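Trainee: I'm new to this one and would like a close look at a single part. Please pick a pair of helices that pack together, then put it in its wider setting.

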Amino acid sequence: MRRWLLPALLLAGLIGAWQIAAGSGALAGALNLEPFLVPSPAEIGSSLWENRALLAENGWVTLREVLLGFVFALVAGLGFAVLLHLSETLRRASYPLLIASQTIPIIAIAPILVVWLGFGIWPKLAIVTLVCFFPITINTLDGLRATEPDAIKLMRTLDASRWQILRRVEAPGALPYAFSGARIAAVFTTIGALFGEWVGSNSGLGHQILLDNGQLETARMFAAVVVLSLIALSLFGLIALAERRIVTWR
Amino acid sequence: MTRDFLSVRGLRHFYGELQTIDGLDLSVPAHQVLGLVGPSGCGKSTLLELICGLREARAGEIAIGGDAGSAPERLARCAFMPQRDLLLPWFTALDNAALALRNRGAGKAASRKRAGELFERFGLAGFEQARPEQLSGGMRQRVAFLRTLLSDKPVLALDEPFASLDAITRAEMQEWLAARLAEDPRTVVLVTHDVEEALYLSDRVAVLSRRPARVVDSLAAPAPRAPDRDAAVTDQGFVAARERAMHALREAADRP
């Protein structure tokens, strides 16, 4: 509990300062804006409550994109990492391309994906999967390759097949790496979903933020942001919890 | 004369251009222990890997049980115990010990039963379900040695098995290993930095030169694996053998 105390205090302090600055109108005055454009934390809180049905409905759409996209990336990333680990030719051919592919701004290909895949859930899933795939694959591959050469030699003299070395030594050793890749990916999921929704959709929190932007509903925009970060935070927490349950030897 | 079970003839090995082993000959009769001592970096570990079939030598032959076999054939007949125990932290002590049985396709329950039967004699009773990090250094080495024995290989290659232990634990472990080898004799090649350890545990000790490694001296141990280690290592014959080995080792290290 102790390690949460300081961040919690800092957060409370920041929210308190914001409340005073925005509630008194000082912040809006300093920015030369109408006060309703600069909502205080209390106003955002009441917007969260008043719009709970709308936020839950759009939140569910985004949550589904996030979870499904993440699961696709997890399955594809772990599978691809094992494949690259087992085939040196494949690894040498695709590793540089994999790194280079990260220079492509996902936001730029989002519109293309909408053209190809339509306005439904598929382009969003594709974007979430694309942004999550890289950290999961690279971390898992690094973990598989970090196995001590002596441990592999030992397993060979203990009559282990290639598959047994992978299953009993390399894969368990790579698990903590895979988990840290998954945690990084969890943070990217909502960004991916948001891009997908901004480019073309009629539901989801990203869609709602665009509508609220047009109507200058700043409190509700903040409320949507809160829900979005709660989604990413929960996914992050879920992965950390799974890691604690599975990687018991650390 | 005892027939040699393991014999190495004219072995030469290179790492790229660097010659690590030069015309090395060794022979170990069945169920005997050959100790190898030599200056640091002289290629002892490489030699063990060659014997075990983890590498193929540039020239020369390594015969086990009379057949000069290829690396995969030797791999099937040798078990290797590395310097660090390399127990897998995600397995219990019992599952670590049973690793070779599981690799050869035995069921989980059968493997655990067979490994578990030896836990008492290995001083590990009650620690079957312990994770490696919960074990002391000496216990970890015992699990590692049990894992090596359970591979059921006729040849054991031990690479400085007790180097990481403190002096008292190391002496205890030497006596313990001597007792285990008396119960379950194997043909053993033991690499160590410790001349006393080599002379106590081995039937014969070979002193290797600096890289590229050759045998510069070979001496018979006065009292291989005597039940009372402390008495054995202070005996006059033992002390004389140790001095001779130390002398050979020092000469080997100094010679360019």
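**A helix pair in chain A**

Mentor: Let's start with the crossing: α9(A) passes α10(A) in a right-handed way (the near helix is turned clockwise from the far one by less than a right angle; anticlockwise would be left-handed). Bear in mind that this is a predicted model, where local features need pLDDT of at least 70, side-chain atom pairs count only at pLDDT 80 or more, and totals for chains, interfaces and linings use all residues. Residues are numbered from 1 along each chain as its sequence is written, with chains lettered from A and ligands numbered from 1 in the order in which they are written.

Helix α9 covers residues 162–199 of chain A and helix α10 covers residues 205–214 (helices are DSSP runs of H or I, at least four residues; strands are E, at least two). Their axes come within 7 Å and cross at roughly 55 degrees (lines fitted to C-alpha atoms over the stretch in contact, with angles from 0 to 180 degrees between N-to-C directions). The two are therefore oblique to each other (not under 35, over 145 or 65 to 115 degrees).

Who meets whom? A193(A), L194(A), E197(A) and W198(A) from α9(A) meet G206(A), H207(A) and L210(A) from α10(A) (contact means C-beta atoms, placed from the backbone, within 7 Å). Sorted by class, that's four nonpolar, two polar and one charged (nonpolar: Ala, Val, Leu, Ile, Met, Phe, Trp, Tyr, Cys, Pro; charged: Asp, Glu, Lys, Arg; polar: the others, Gly among them).

Stepping back, chain A gives 15 residues to its contact with chain B, which gives 17. On the chain B side, β6 (78–81) and α4 (99–103) are the elements giving two or more residues.

Key. Two residues are in contact if their C-beta atoms, placed from the backbone, lie within 7 Å.
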